[in-house]
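Please read the following report alongside the sequence and the model. It turns from an annotated span to a ligand site and then to two points of backbone geometry.

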Amino acid sequence: MVRERQKASTSFVNRSLLSYINPHGFISEQYRTIRNNIQYAANGKKIRSLLVTSPSEGEGKSTAAINLAVCMAQRGDRVLIIDANFRNPIINKVFNVQTSPGLSNVLGQQLEIREAIYNTEVEGLDILPSGQRLFNSTELLDSQVMADVMSYASEQYDMVLLDCPPVLGVSDTNALVSKCDGVVLLLGSGKTQQELALEAKRALLFAKANILGVILNMKSV
Ligand SMILES: Nc1ncnc2c1ncn2[C@@H]1O[C@H](COP(=O)(O)OP(=O)(O)OP(=O)(O)O)[C@@H](O)[C@H]1O
Ligand SMILES: [Mg+2]
């Protein structure tokens, strides 16, 4: 189905891949619990696309999105992570591939989505890197082309995970929430103030997000 253009290798030990490197550890177990809770929170509705965001930068969204994706692939799901963070793309770095081509090229209609997807060494897990930074990203993410990307991906995969920028101060995430079955709001402990968390929740609900729950990310030093 997906052209195996290049197999991405996980060349360095990374926190983002803990669930892959150490699947029986305590942290992996926590991610598996969150994975299962996402389905329970959906009240019987099958969740096929999930957006991960947070109020501010650097709270741990990408780390959580990748570990969740790995846990989903480990239970046998076919999973695609889309890097929708043009400002700080990270998915390509974790899997050691180029940023481009990627989502921005697909949105610019320079190539088909299947041409920009990489298989990874995690069985069942594919990635779509961000591509180069776009200056009209919100418009493109809000477009019919993006809706088509989501329908293609949801047909081909059991789960599509969108690794997004923060919800406050960047309009890209709001443009995407209504295109996903569910949204998970990640709060970095000690970093997210209560008012910011509430503001993020309000912004997501205003954009018609189906908020399934919150992840509290305790950053160890
Ligand atoms: N639970 C944790 N314990 C320790 N370090 C963590 C934890 N979660 C994330 N980090 C580290 O914090 C940094 C930021 O994490 P990450 O890139 O996942 O954040 P982000 O919210 O995706 O950032 P951005 O807003 O730039 O997209 C990374 O160096 C990551 O390894
Ligand atoms: Mg990130």
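In the unreviewed UniProt entry, the annotation "domain: AAA" covers residues 58–184; UniProt positions are given in the numbering used here, feature names are shortened, and annotations may be inferred rather than shown by experiment. The end C-alpha atoms of this span lie 16 Å apart, and the span is 40% helix and 16% strand, where helices (H or I, at least four residues) and strands (E, at least two) are DSSP runs numbered from the N terminus.

This is a predicted model, in which local features need pLDDT of at least 70 and side-chain atom pairs count only at pLDDT 80 or more, while totals for chains, interfaces and linings use all residues. Residues are numbered from 1 along each chain as its sequence is written, chains are lettered from A and ligands numbered from 1 in the order in which they are written, and side-chain values use heavy atoms, with hydrogens and water left out.

Around ligand 1 there are 14 residues, of which K61, S62, T63, N88 and K219 come nearest; a residue is near if one of its heavy atoms lies within 4 Å. Helix α3 (residues 61–74) gives the most to this shell, with three residues. The table lists polar contacts, that is, pairs of N or O atoms within 3.5 Å.

| Ligand 1 atom | Protein partner | Distance |
|---|---|---|
| oxygen atom | G60, polar backbone atom | 2.9 Å |
| oxygen atom | T63, N or O atom in the side chain | 2.5 Å |
| nitrogen atom | M218, polar backbone atom | 3.1 Å |

The protein covers 79% of the 640 Å² of accessible area that ligand 1 has on its own, as given by the Shrake-Rupley method with a 1.4 Å probe.

Most residues other than glycine have a negative phi, and most peptide bonds are trans. A cis peptide bond nevertheless joins S100 and P101, with omega about 0°, and P101 is found in the loop between α4 (91–94) and α5 (103–107). N43, in the loop between α2 (26–41) and β2 (49–53), has a positive phi near 55°.

Methods: A polar contact is a pair of N or O atoms within 3.5 Å; within protein, one must be able to donate a hydrogen and the other to accept it, and residues adjacent in sequence count only if both atoms are side-chain atoms.
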